[in-house]
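User: I'd like to learn how to read a protein model, one feature at a time. Could you walk me through this one?

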Amino acid sequence: MSDHYEAVRVRISGRVQGVGFRMWTRDEALRLGVTGWVRNEADGSVSALIAGADSAITTMIERLRRGPAGALVSSLQTEAAQLGNMPTDFRITG
């Protein structure tokens, strides 16, 4: 049985900047085999685009809800993303 592939935009709020959240997110994405990007936002939140198998995306979102040691996630919002081309790697941007 093959997984369905999708893409999701995620916005994480709380104490998520200055705690290694972006590097941790990249490492988790590489472990799970998802692609996309992660970046800090001016309002103190972190945004990410996660693309890949739906089961891996579900696991990634669960991990983002907890975050790395030192982070305190107060909210996480997701929305489906429509992509022309699937990303081929996972990058820290911005």
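User: Where is Gln82 found?

Analyst: A good habit is to place a residue among the helices and strands before anything else. This is a predicted model, and in it Gln82 lies in the loop that joins strand 4 to strand 5.

User: Is Gln82 buried or exposed?

Analyst: Relative accessible area is the number to look at, and a residue over 50% is called exposed. Gln82 has a relative accessible area of 73%, so it is exposed. You can also ask what lies across from it in space: the C-alpha atoms of Gln82 and Val8 are 8.3 Å apart, although 74 residues separate the two in sequence.

User: Which residues does Pro87 touch beyond its sequence neighbours?

Analyst: For this kind of question, we skip residues up to four places away, and a contact means heavy atoms within 4.5 Å. On that basis Pro87 touches Thr35, Gly36, Leu49 and Ala51. Pro87 sits in the loop between strand 4 (72-80) and strand 5 (90-92). Gly36 is 51 residues away from Pro87 in sequence, yet their C-alpha atoms are 5.5 Å apart.

User: How does the accessibility of Pro87 count?

Analyst: There is a middle class, between under 20% for buried and over 50% for exposed. Pro87 has 24% relative accessibility, so it counts as partly exposed.

User: Now a residue in a strand, please. Is Ser47 buried or exposed?

Analyst: The same scale applies, with buried meaning under 20%. Ser47 is buried because its relative accessible area is 6%. You will find Ser47 in strand 3, which covers residues 46-53.

User: With which side chains does the side chain of Ser47 make a polar contact?

Analyst: Here we look for pairs of N or O atoms within 3.5 Å. The side chain of Ser47 makes one such contact with the side chain of Arg11, at 3.4 Å, and another with the side chain of Glu41, at 2.9 Å. If you widen the view to contacts of any kind, leaving out neighbours within four places in sequence, Ser47 meets Val10, Arg11, Trp37, Val38, Arg39 and Glu41.

User: What does the side chain of Asp43 contact?

Analyst: Following a shared partner is a handy way to build a picture. The side chain of Asp43 makes a polar contact with the side chain of Arg11, at 3.1 Å, and Arg11 is also a polar partner of Ser47. Asp43 is in the loop between strand 2 (35-40) and strand 3. With a relative accessible area of 55%, Asp43 is exposed. For a sense of distance, the C-alpha atoms of Asp43 and Arg91 are 20 Å apart, with their positions 48 residues apart along the chain.

User: And in a helix, what does Leu32 touch?

Analyst: Apart from residues up to four places away in sequence, Leu32 touches Ala56, Thr59, Met60 and Arg63. Leu32 belongs to helix 1, residues 21-32. Its accessibility is 24%, so Leu32 counts as partly exposed. From Leu32 to Met60 the step along the chain is 28 residues, while the C-alpha separation is 7.4 Å.

User: Let's step back. How many helices and strands are there?

Analyst: The protein has 2 helices and 5 strands, and along the sequence they follow the pattern β-α-β-β-α-β-β. The radius of gyration is 12 Å, close to the 12 Å that the globule rule gives for 94 residues, so the protein is as compact as a globular protein of that length.

User: What share of the residues is buried, and what share of the contacts joins residues 24 or more positions apart?

Analyst: Buried residues are 40% of the 94. Among contacts with a separation of 6 or more, 79% join residues at least 24 positions apart. As for charge, there are 11 positive and 10 negative side chains, and the centres of the two sets are 7 Å apart.

Definitions and conventions:
Residues numbered from 1 in each chain as written. Predicted model: local features only at pLDDT ≥ 70, side-chain atom pairs only at ≥ 80, totals over all residues. Heavy atoms only, no water. Helix = DSSP H or I, 4+ residues; strand = E, 2+ residues; numbered from the N terminus. Rg over C-alpha atoms; globule rule 2.2 N^0.38 Å. Buried < 20%, exposed > 50% of the residue type's maximum accessible area, 1.4 Å probe, protein only. Lys, Arg positive; Asp, Glu negative; His and termini not counted. Charge placed at Lys NZ, Arg CZ, Asp CG, Glu CD. Polar contact = N/O pair within 3.5 Å; in protein donor to acceptor, adjacent residues only side chain to side chain.
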